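User: I've got this model open and I'd like to talk through its charged and aromatic side chains. Can you take my questions one at a time?

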Amino acid sequence: MVCDKSVPFASALAVSLRAKDHSVALLVDAVEAARGEGPSSVGTHSGAQAAGVPTGLREIPWNRPSALSAQTVSLALRNAFRSLDQAVLAFDAASVAVSEETDERMRLIAVSDSYIRGYLLLAHELSDLFIRQGRGRLTFAVRGLPSGFRPRE
């Protein structure tokens with residue numbers, strides 16, 4: 001499992017792993033999946049050959065700040081693969097630093113819900129799954145800010 005499609009590194013990793021014939025699930029924003037902007041949520045990637053994405057890449061919807069969604073992801077992974085050996089939670093600081101939100105307080109709340117609460121809930125559910133299975137590896141991949149980038153105070 002690779003989290004999440006909105007992080008370019010995570011998407012590239014998922015495609016690369018699938019191209020090497022690994023079973024891969026890529027978490028996608030639940031809102032995009034519901035609007036039909038992404039492929040089928042639990043099936044194989046639709047239109048994969050045309051888009052150059054390996055067939056068999058599963059996309060699972062995830063509503064970051066929802067505890068129920070984190071549990072649903074765990075269930076969907078077990079249903080799709082019976083067991084999960086590895087999960088990669090990818091975080092790209094540059095994608096968080098750029099925001100369309102004009103109100104700084106609202107931006108902080110949105111970032112906290114999405115990137116702190118969401119990742120914590122998912123990490124908790126995945127670690128519980130690995131404990132129940134008696135095996136599994138949880139990897140955190142963090143891409144920091146580019147050199148010279150100065151966030152606001």
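User: Which side chain of opposite charge is nearest to Glu125?

Analyst: Keep in mind that this is a predicted model. Glu125 sits in helix α6, which covers residues 104-133. It's buried but has no salt bridge. A salt bridge needs the nitrogen and the carboxyl oxygen within 4 Å, and the nearest side chain of opposite charge is 5.6 Å away from Glu125; that one is Arg132.

User: Which residues does Glu125 touch, not counting residues up to four places away in sequence?

Analyst: Glu125 is buried, so it's fair to ask what is around it under the cut-off of 4.5 Å between heavy atoms. Leaving out residues up to four places away in sequence, the residues it touches are Ala70, Gln71 and Ser74.

User: How many salt bridges are there by this rule?

Analyst: Side chains of opposite charge can pair when their charged atoms come close. Asp4 with Arg64 is one such salt bridge, and Lys5 with Glu59 forms a salt bridge too. By this rule, the count comes to five.

User: How far apart in sequence are the parts that Asp4 and Arg64 tie together?

Analyst: Asp4 and Arg64 form a salt bridge, with the closest N and O atoms 2.4 Å apart. Asp4 is in the loop between β1 (2-3) and α1 (8-19), while Arg64 is in the loop between β3 (58-62) and α4 (67-81), so the pair ties together parts whose separation in sequence is 60 residues.

User: Are Asp4 and Arg64 buried or exposed?

Analyst: The cut-off for that is under 20% relative accessible area. Asp4 comes in at 3% and Arg64 at 9%. Asp4 therefore counts as buried, and Arg64 is likewise buried.

User: What is the relative accessible area of Lys5, the partner of Glu59?

Analyst: In the Lys5 and Glu59 salt bridge, the closest N and O atoms are 3.3 Å apart. Lys5 lies in the loop between β1 and α1 and Glu59 in strand β3, so this pair ties together parts 54 residues apart in sequence. Glu59 counts as buried at 2%. Lys5 is partly exposed, with a relative accessible area of 29%.

User: How many residues apart are Arg135 and Asp85?

Analyst: Their side chains meet in a salt bridge at 3.3 Å, N to O. Arg135 is in the loop between α6 and β5 (137-143), and Asp85 is in the loop between α4 and β4 (86-92). Arg135 is partly exposed at 42%, and Asp85 is partly exposed at 45%. The pair links distant parts of the chain, with a separation of 50 residues.

User: OK, rings now. What kind of pair do Phe91 and Tyr115 make?

Analyst: The structure holds four aromatic pairs, and this is one of them. The ring centres are 5.7 Å apart and the planes are at 75°; planes over 60 degrees apart go in one class, so the pair is edge-to-face.

User: Which residues form the aromatic cluster?

Analyst: Phe91 lies in strand β4 and Tyr115 in helix α6, so that pair ties together parts 24 residues apart in sequence. Both belong to one aromatic cluster, whose members are Trp62, Phe91, Tyr115 and Tyr119.

User: And which ring does the charged end of Arg58 sit over?

Analyst: Here the cut-off is within 6 Å of the ring centre. The charged end of Arg58 is 5.6 Å from the centre of the ring it sits over, and that ring belongs to Phe81.

Key. Residues numbered from 1 in each chain as written. Predicted model: local features only at pLDDT ≥ 70, side-chain atom pairs only at ≥ 80, totals over all residues. Heavy atoms only, no water. Helix = DSSP H or I, 4+ residues; strand = E, 2+ residues; numbered from the N terminus. Buried < 20%, exposed > 50% of the residue type's maximum accessible area, 1.4 Å probe, protein only. Lys, Arg positive; Asp, Glu negative; His and termini not counted. Phe/Tyr/Trp six-rings, centres within 6.5 Å; stacked < 30°, edge-to-face > 60°. Lys NZ or Arg CZ within 6 Å of the ring centre and 35° of its normal.
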